[in-house]
Amino acid sequence: MAEKKIKGFAISETAFFIFIMMASRRLEADRFFTSNFNEEMYTKKGLEWVNTTESLRDVITRHYQEITENWMSSTSAFSVWGSPPNVHNPIPILLRVPQH
């Protein structure tokens, strides 16, 4: 909470890295996303959703389209909602130099 937020993000850099690391570990350990990721466990619609979803914004749009239409101008759900769209930055976040 004491860290400044990354420009264009709603969370700080440390929180972002913790989220990314924990999310990837959970996915690797989740049997429903690894060994049981098949048609015996999921419906065809469920498999389609998983295979075509690229971001949290896609999930929010699928279930609450009015939120993304009215509040999310950015491509990322982790950006500050209502802020102008982010310009694409080809430099990975790990290699960016903070601008103060």
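Student: Which residues line the second largest pocket?

Tutor: This is a predicted model, and the pocket in question has a volume of about 180 Å³. Its lining is made up of Leu27, Phe33, Trp49, Val50, Thr53, Val59, Arg62 and His63.

Student: Which helix gives the most to the lining of the second largest pocket?

Tutor: Helix 2 (44-52) and helix 3 (56-63) each supply at least two residues of that lining. The one that gives the most, with 3 residues, is helix 3.

Student: Trp49 and Arg62 both appear in the lining. How far is the charged end of Arg62 from the centre of the ring of Trp49?

Tutor: A charge counts as sitting over a ring only if the Arg CZ is within 6 Å of the ring centre and within 35 degrees of the ring normal. The charged end of Arg62 does sit over the Trp49 ring. Its distance from the ring centre is 4.4 Å.

Student: Phe33 is also one of the lining residues. Why is its pair with Phe37 called stacked, tilted or edge-to-face?

Tutor: A pair of aromatic rings is described by the distance of the centres and the angle of the planes. Planes under 30 degrees apart count as stacked and those over 60 as edge-to-face. By this rule there are 3 aromatic pairs. For Phe33 and Phe37 the centres are 5.6 Å apart and the planes stand at 55°, so the pair is tilted.

Student: Is Phe37 buried, exposed or partly exposed, and what is the value?

Tutor: Buried means under 20% relative accessible area, and exposed means over 50%. Phe37 therefore counts as partly exposed, with a relative accessibility of 27%.

Student: What kind of aromatic pair do Phe37 and Tyr42 form?

Tutor: The rings of Phe37 and Tyr42 are 5.5 Å apart, centre to centre. The angle between their planes is 70°, and the cut-off for this class is over 60. The pair is edge-to-face.

Student: Which residues do ring pairs link into a cluster?

Tutor: Phe33 is partly exposed at 39% relative accessible area, and Tyr42 is partly exposed at 24%. Phe37 pairs with Tyr42 and also with Phe33. The cluster consists of Phe33, Phe37 and Tyr42.

Student: Is Thr68 buried or exposed?

Tutor: Thr68 lies in helix 4 (residues 65-70). Its relative accessibility is 5%, and the limit for this class is under 20%. Thr68 is buried.

Student: Which side chain does that of Thr68 join in a polar contact of 3.1 Å?

Tutor: The Thr68 side chain also reaches the backbone oxygen of Gln65, at 3.0 Å. Beyond four places in sequence, Thr68 is in contact with Arg57, Ile60 and Thr61. The side-chain partner at 3.1 Å is Thr61.

Note on methods:
Residues numbered from 1 in each chain as written. Predicted model: local features only at pLDDT ≥ 70, side-chain atom pairs only at ≥ 80, totals over all residues. Heavy atoms only, no water. Phe/Tyr/Trp six-rings, centres within 6.5 Å; stacked < 30°, edge-to-face > 60°. Buried < 20%, exposed > 50% of the residue type's maximum accessible area, 1.4 Å probe, protein only. Helix = DSSP H or I, 4+ residues; strand = E, 2+ residues; numbered from the N terminus. Polar contact = N/O pair within 3.5 Å; in protein donor to acceptor, adjacent residues only side chain to side chain. Contact = heavy atoms within 4.5 Å. 1 Å grid on protein atoms, 1.4 Å probe; cavity = no way out; pocket = protein on both sides within 12 Å on 5 of 7 lines; lining within 4 Å. Points joined across faces, edges and corners; volume = space filled by probe spheres on them.
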